[in-house]
Amino acid sequence: MLIEKNTVVSADFQLFDKDGKMIDSSEANGPLVYLHGAEQLLPALEEALSGHEVGDELSVELTPEQAFGERMDALVDRAPRSNFPGVDHIEPGMRFQTQMEDGSQMVVTVTDVDDQWVTVDGNHELAGMDLRFELKVADVRAASDEEIAHGHAHGPDGHHH
């Protein structure tokens, strides 16, 4: 079966930066499983997988624009520690969800902290990076009506909402 809209795809992967350093892999975090055509993957990655079948291996190189965008200085901000009520210990690497002025939610990562200020970065951790995915298609199957209606793949034992 070919990968096309409304198929559930499982792929083993390795993700590398431009210097060849492995960033992530299915060995560490399990295979990539998604509903093709439901906009769950980066569009360029989903496009590259279209038309492939079980056993196919491919290498996909993505520019920052095709992946997680360029880093934006406007997404780095200093906030007073008082903006973190109830959090006694703050250190670089911690993540917090914050509400933007327009009501949307954003996850920020602490990059620096002192007695008065916390510096946070709202950029995706892979923003600004050229990336390479090495993929091997492990399984392709038709999506169930329920998966199509929900807009995502369900696990081997079904999905629980």
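For a chain of 161 residues, a compact globule would have a radius of gyration near 15 Å, yet this chain comes out at 19 Å. Keep in mind that you're looking at a predicted model. If you lay the C-alpha trace along its principal axes, it spans about 60 × 40 × 30 Å. As for what's tucked away inside, 31% of the 161 residues count as buried.

What is the chain built from? Three helices and nine strands make up its secondary structure. Read from the N terminus, the order of elements is β-β-α-β-α-β-β-β-β-β-β-α. Contacts also reach across the sequence: take those between residues at least 6 apart, and 62% of them join residues at least 24 apart.

Now for the inside. The largest nonpolar core has 21 residues, and the ones touching the most other members are I3, L45, L49, V60, L62, F133 and L135. Four elements each hand two or more residues to this core: β1 (7-17), α2 (43-49), β4 (57-62) and β9 (131-142). The top contributor is β9, with five residues. Apart from this core sits another one, made of eight residues that include A79, F96, V118 and V120.

Want to zoom in on one member of the largest core? Try V60. Which residues does V60 touch, leaving out those up to four places away in sequence? They are L45, A48, L131, R132, F133 and L135.

Next, find the largest pocket, which holds about 400 Å³ of space. Its lining counts 18 residues, and D77, A79, T98, V108 and V120 are the closest to the pocket's centre. Three elements give two or more residues to that lining, namely β5 (76-80), β6 (95-99) and β7 (105-113). β6 gives the most, with four residues.

Here's how the pocket lining splits by class:

| Class of lining residue | Number of residues |
|---|---|
| Nonpolar | twelve residues |
| Polar | four residues |
| Charged | two residues |

Two names turn up twice in this tour. A79 and V120 are among the residues closest to the centre of the largest pocket, and A79 and V120 also belong to the eight-residue core. If you have the structure open, those two make a handy place to start looking: from there you can pick out the pocket lining, including strand β6 with its four residues, and then move over to the largest core, where β9 gives five.

Definitions and conventions. Residues numbered from 1 in each chain as written. Predicted model: local features only at pLDDT ≥ 70, side-chain atom pairs only at ≥ 80, totals over all residues. Heavy atoms only, no water. 1 Å grid on protein atoms, 1.4 Å probe; cavity = no way out; pocket = protein on both sides within 12 Å on 5 of 7 lines; lining within 4 Å. Points joined across faces, edges and corners; volume = space filled by probe spheres on them. Nonpolar A, V, L, I, M, F, W, Y, C, P; charged D, E, K, R; others polar. Core = buried A, V, L, I, M, F, W, Y, C linked by side-chain atoms within 4.5 Å. Buried < 20%, exposed > 50% of the residue type's maximum accessible area, 1.4 Å probe, protein only. Contact = heavy atoms within 4.5 Å. Rg over C-alpha atoms; globule rule 2.2 N^0.38 Å.
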